[in-house]
Amino acid sequence: MSIEIAVSVQDIHAAVETVNDPEYPGISIVDLGLLENVKVNEIGEVVIELIPTFSGCPALQMIAQDVREVTEKLSGVKKVDVVWLNSPVWNVNRVTAKAEKDLAEKFIVAVQIQDRKVECPRCQSETTIKSHFGPSRCRSVHVCSGCNEIVETLRD
Amino acid sequence: MIKSVLPSEIKEYLLAFADDEHLMGQQHTEWIGIAPFLEEDMAFASIGQDELGHASMLYALILEDSSEIDAFIFNRKPEEWRSCQLVESNHRNWEEALIRHWCYDMAEDLRWELFRESSLPELVLISERALKEEKYHRQHADALVENLLTVPASQSRLTKALEEIVPEVVELFSSIPGETEAISSGLVSGKYCDVFSTWRSRVENRFGTLDSKLFTTSDHQSRTKRHSDFGPLYGRIREVFLLDPKAVW
């Protein structure tokens, strides 16, 4: 006997994937590793659990609102709760290879993946860290050893 | 323990920390656009954002409904705040702001460490997150101070600022309402003032030995009373909220 499900987790996942990070239009919050869990019951009540890149991020309300809106549009969805979790703590290793590539190509932003040297998105040379604090809280400032340009780097 | 049944003493205890974090964050963000160089402008903005985030996580534990955090922060009477003088004082000189950042962040991780084995599981998670962020705050403050101390003119200005600010830090560690109950319930593993000696050795390792009197003087008696700088500060931080109290930011 199969249980009738109002809406599938896969459909919700796909909808959330269309939500972009407000700071990086075109890059999905799912590819940035913000989606932790999707829960749905048989009557279409949905709980979407997200984790913030950092607790003081001013975009949390905006992202939650976007996630709620795309999910509410799915047929079979009765109610949507978006919850920001305190755990696990987000880190850059949650960023997918696709997002890493897009950040480099579209935004000239590198990603500080753990234990890996940060490469310059312009000339692929090695960079050295200049400051942990860059133009926004989740970006540090590196300098490229090849082209001498500043490299903004996504960090946790 | 769940938040709806947190005893009022425990809420008071958490409120002192939340209010310290919130006001410290607000004070840091006041350097946006006017810090002496761009890197510090950005660093203070980011560090301030972290502190505001920590405060929000703590307020969420205290309040039944986390959507009321803004209203709770911006609509309270001054006597309902539990912040300490260090975060209320109006330090408008850059050297004082930097020294306060150094002093506060060298004390903050010691405060979060007390929650590592808290009986409130949510607090354990929050402290892990905060401690991870705080590492960068300390690195930032200490690297800058270390460099500036090699310049004689900077060194004398920083030392003067330190002598002003250390007595305010004494109060940060003490007079926390609800601390006895927080310890007996297992919320926190010990008294904050018991780790003051660790903070003091951090200070003296970086700046050299200071007059002992600085570490024992506290001219502010209680977190239930506000420092005279609180009024103008509260006026500035509420300004935008009061334009439209119902707005969602």
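Reader: How many residues does helix 5 of chain B have, and what span is expected at 1.5 Å a residue?

Author: In this predicted model, helix 5 of chain B has 20 residues and reaches 29 Å from its first C-alpha to its last, which is close to the 28 Å expected at 1.5 Å a residue.

Reader: What makes helix 5 of chain B mostly covered?

Author: The description rests on a count of its residues, of which 15 out of 20 are buried.

Reader: Why is helix 5 of chain B called oblique to helix 7 of chain B?

Author: The axes of helix 5 (residues 94-113) and helix 7 (residues 152-173) of chain B come within 9 Å and cross at roughly 40°. Angles under 35 degrees would count as roughly parallel and those from 65 to 115 as roughly perpendicular, so the crossing angle makes helix 5 of chain B oblique to helix 7 of chain B. The crossing of these two helices is also right-handed.

Reader: Which residues of helix 5 of chain B make the contact, and how do they and their partners divide by class?

Author: Helix 5 of chain B contributes B:Glu95, B:Glu96, B:Ile99, B:Arg100, B:Cys103 and B:Ala107, while the residues from helix 7 of chain B include B:Leu158, B:Ala161 and B:Ile165. The residues of this contact divide into nine nonpolar, no polar and five charged.

Reader: How do you know whether B:Leu15 is buried or exposed?

Author: B:Leu15, which lies in helix 1 (residues 8-29) of chain B, has 25 C-beta neighbours inside 10 Å and therefore counts as buried, since the cut-off for that word is 20 or more. Leaving aside neighbours within four places in sequence, B:Leu15 is in contact with B:Ile62 and B:Arg82. B:Leu15 and B:Arg82 are 67 residues apart in sequence, yet 6.4 Å apart in space, C-alpha to C-alpha.

Reader: Why do A:Ile108 and A:Gln124 fall under the words they do, exposed or partly exposed?

Author: A:Ile108, in the loop between helix 3 and strand 6 of chain A, has 14 C-beta neighbours inside 10 Å and so counts as partly exposed. A:Gln124, in the loop between strand 6 and strand 7 of chain A, is exposed because 11 other C-beta atoms lie within 10 Å, and the cut-off for exposed is 12 or fewer.

Reader: What is noted about the backbone at A:Ile108 and at A:Gln124?

Author: Most residues other than glycine have a negative phi. Phi of A:Ile108, however, is near 50°, a positive value, and A:Gln124 has a positive phi of about 65° although it is not a glycine.

Definitions and conventions
Residues are numbered from 1 along each chain as its sequence is written. Chains are lettered from A and ligands numbered from 1 in the order in which they are written. This is a predicted model: local features need pLDDT of at least 70, side-chain atom pairs count only at pLDDT 80 or more; totals for chains, interfaces and linings use all residues. Axes are lines fitted to C-alpha atoms, for helices over the stretch in contact, and angles run from 0 to 180 degrees between N-to-C directions. Helices (H or I, at least four residues) and strands (E, at least two) are DSSP runs, numbered from the N terminus. Angles under 35 degrees count as roughly parallel, over 145 as roughly antiparallel, 65 to 115 as roughly perpendicular and the rest as oblique. A crossing is left-handed if the near helix is turned anticlockwise from the far one by less than a right angle, and right-handed if clockwise. Two residues are in contact if their C-beta atoms, placed from the backbone, lie within 7 Å. Ala, Val, Leu, Ile, Met, Phe, Trp, Tyr, Cys and Pro count as nonpolar, Asp, Glu, Lys and Arg as charged, and the others, Gly among them, as polar. The expected span of a helix is 1.5 Å times one less than its number of residues.
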